[in-house]
Amino acid sequence: MELILSILGAAALGHLGADFLERFTWLPDKPFKCNMCFTFWLNVIPFIFLFSWPGIFYVAVASIISELYFKYI
């Protein structure tokens, strides 16, 4: 249950961060304004630190969920 909440929270944090950074026109689009990219790069180090190498898979799932947040919510 803790893992699911961590993934959903990371996805929400990445979505909120990318949504906030969209207003800055001087930032490049790919790593900062894309939901999947920003969620991945924001959470890759903490997830590897917390979950070791399976953390890469978990952060990839969080990135996809972040994109689903963007599309459907």
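How close do the axes of helix α1 and α4 come, and at what angle do they cross? In this predicted model, where local features need pLDDT of at least 70, side-chain atom pairs count only at pLDDT 80 or more and totals for chains, interfaces and linings use all residues, the axes of α1 (residues 2-21) and α4 come within 8 Å and cross at roughly 55°. Residues are numbered from 1 along each chain as its sequence is written, and side-chain values use heavy atoms, with hydrogens and water left out.

The angle makes α1 oblique to α4, the term for whatever is not under 35 degrees (roughly parallel), over 145 (roughly antiparallel) or 65 to 115 (roughly perpendicular). The crossing of α1 and α4 is right-handed, that is, the near helix is turned clockwise from the far one by less than a right angle.

Turning to the surface, M36, I64, L68, Y72 and I73 make a nonpolar patch of about 600 Å², where patch residues have over 30% relative accessible area and no salt bridge, and nonpolar side chains are joined within 5 Å. Helix α4, residues 54-72, gives the largest share of this patch, three residues, whereas I73 lies in the segment after α4 and is exposed, at a relative accessible area of 79% (exposed means over 50%, buried under 20%, partly exposed in between, with a 1.4 Å probe and protein chains only).

Finally, the loop between α3 (35-51) and α4 holds S52, which has a positive phi of about 65° although S52 is not a glycine. Most residues other than glycine have a negative phi. S52 counts as partly exposed, at 40% relative accessibility.

Notes:
Patches are made of residues with over 30% relative accessible area and no salt bridge: like charges are joined within 9 Å, nonpolar side chains (Val, Leu, Ile, Met, Phe, Trp, Tyr) within 5 Å. Accessible areas come from the Shrake-Rupley method with a 1.4 Å probe; for residues, only the protein chains shown count as cover. A salt bridge is a side-chain nitrogen of Lys or Arg within 4 Å of a carboxyl oxygen of Asp or Glu. Helices (H or I, at least four residues) and strands (E, at least two) are DSSP runs, numbered from the N terminus. Axes are lines fitted to C-alpha atoms, for helices over the stretch in contact, and angles run from 0 to 180 degrees between N-to-C directions.
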